[in-house]
Amino acid sequence: MTLSKGTSVSAMDVPARRSAAAPGEGKQTVAAARPIHYISWVALALMTTSSVASLRPSPTMAVYGLACIFLYVVPALVFLLPTSLVSAELASGWSGGVYKWVSEGISKPMGFLAVWCQFAMTIFYYPSLLGFVASTLAYVINPDLAASGVWTAIVIMVCYWTGVWVSSRGTGSVAGLASGGLIIGTLVPGTVLVLLGAVFLGQGNESAAPMTADNLLPVWAGLSSLVLIVNNFLSYSGMEMNAVHVGSLKNPGKEFPRAIFMAMGLVLLIFILPALAISWVVPADQLSLTAGVMQAFDAMFAQFGSQWLTPIVGVMLVAASLGGMLTWLAGPSKGLLLISRQEGYLPPFLQRLNKHGVQQNILVTQGLVTTVIALMYAFIPDVSSTYWIFSVITTQVYLIMYLLMFVAAARLRRKQPDHPRGYRAPMLVGLCGVGFAASLAALLIGFVPPSQFGDSSVGTYVAIVAGGALGLGLLVPFLFYRLRKPSWKTAEPAEEGVS
């Protein structure tokens, strides 16, 4: 989700700082487009870290013990790095975010599909994020609630609709709610978790997961044993949002790679160390994918006679997650709205704004779907299984956008080699090839149930994942595009309250 997975400023809303002047514009316009205040590459690295790093995926990888290092590093190299460098070149040359990039590189319909997927992934992301909130909040009230699907469904619906109400009022101050998310909800709890884990081992306690060199690689038990690596692609997604800041660097060619490699190091530390700490304390067969962080804290605090601290940590994690949700609840839908008003991709009902200039109808419609999805928690017995399914669907829908982005970047380098770019990624075609192959592999592997699902119905799993990912990611935007009418276009979209 911290400012994870899409900050309040969507890539659709922030133009590239060094975009070329339009025909007929003079040098003064170009000068005016440049940033007045530069940022350091260290600052950009920290911004990137805050928007990607989170403790939420830690339990998912903790089930692998020491092998989580391998499962985090590999996607960082084949997905995070290509995504960062490729999106930086696109952002430094074309304003308008992923819609503009894919429209220029492939076609406008594909551009709509890309921005739709950027929005649609949030429909399943919110239930998975708020499922984590529900399980964490359970440890503040009653730990037994963490396994209750009814409790999880109620928390998801209450939190989401409260967020819609707050966002629909156009409260600009909510953007500040996540400004301290990296510290409050990630760095402090993460550091405490790792330190307590180290002390736990230092006292002579045996690690729940073996920490020998033989366990550096995940045990191969067929393709299903590697499926959990798919979740890491979602953990690393959102880099195209941060790429818009490349134009704020004094020397993007040298400073942006430094920022990315520093951010990668910090992100890997934040992801890997807490996951290891959890694996030291909670056995894999007892680990909940939603409540694993709180399980570890509760066990460690009990070990040191400080179990009263568990609810406090839970409140910190919940507050940071809810703050992060609020700050970008309207971001992706706002980007979709702007493009739809210009091109007529959505019906007028979904384009309407309330008196605060907020796309309330989109948020409410999204909320109705989110409510239906939340109810699945109440009817699927295993909360962890439901959480995993929603995480996979979220990842797959988002990966469709990345596939389009990599293709568009390679085509733009070939079709428009002389187009002004503030940053040129090294070996861009190769990076696009690696990123595309990794994204496609992750998308396909997502249809395989992980080995942790045991005897669960494979057919049911595939049907739910395919229906969610392909239906929402491909069928729905196809229907919108085919049914669009010229009357759906709205003149002068920028003049009607959308900033």
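These are my notebook entries on what I looked up in this structure.

**Overview**

I began with the model itself, which is predicted. I then looked up the secondary structure and found 19 helices and zero strands. The protein has 499 residues, and 57% of them count as buried. I looked up the accessible surface next, and its total is about 19400 Å². Carbon and sulfur atoms account for 66% of that area.

**The core**

I turned to the largest nonpolar core, which holds 147 residues. Which members touch the most other members? I noted Y72, V86, L90, W116, Y236, F256 and Y402. I also asked which helix gives the most to this core. That is helix 17, residues 383-415, with 21 residues.

**S439**

I went on to S439, in helix 18, which spans residues 428-445. Is S439 buried or exposed? Its relative accessibility is 0%, so S439 counts as buried, the cut-off being under 20%. Leaving out residues up to four places away in sequence, I listed its contacts as F79, F233, L399, Y402, L403 and F406. Y402 was already in my notes, as one of the core members that touch the most others.

**G468**

My next entry is G468, found in helix 19, residues 458-483. G468 counts as buried because its relative accessibility is 8%. I looked up what G468 touches, again not counting residues up to four places away in sequence. The contacts are F124, I393, V397 and G473. I then checked the pair G468 and V397. They are 71 residues apart in sequence. In space, their C-alpha atoms are 8.5 Å apart.

**M427**

I looked between helix 17 and helix 18 and found M427 in the loop there. M427 has a positive phi of about 50°, although it is not a glycine. Is M427 buried or exposed? I noted a relative accessibility of 69%, so M427 counts as exposed. The cut-off for exposed is over 50%.

**A surface patch**

My last entry is a nonpolar patch on the surface. Which residues form this patch? They are I183, I184, L187, V188 and V192. Together they have about 380 Å² of accessible area. I picked V192 for a further look and placed it in helix 8, residues 181-202. V192 has a relative accessible area of 32%, so I entered it as partly exposed.

Notes. Residues numbered from 1 in each chain as written. Predicted model: local features only at pLDDT ≥ 70, side-chain atom pairs only at ≥ 80, totals over all residues. Heavy atoms only, no water. Helix = DSSP H or I, 4+ residues; strand = E, 2+ residues; numbered from the N terminus. Buried < 20%, exposed > 50% of the residue type's maximum accessible area, 1.4 Å probe, protein only. Contact = heavy atoms within 4.5 Å. Patch = residues over 30% accessible without salt bridge, like charges linked within 9 Å, V, L, I, M, F, W, Y side chains within 5 Å. Areas by Shrake-Rupley, 256 points an atom, 1.4 Å probe, with all protein chains shown as cover. Salt bridge = Lys/Arg side-chain N within 4 Å of Asp/Glu carboxyl O. Core = buried A, V, L, I, M, F, W, Y, C linked by side-chain atoms within 4.5 Å.
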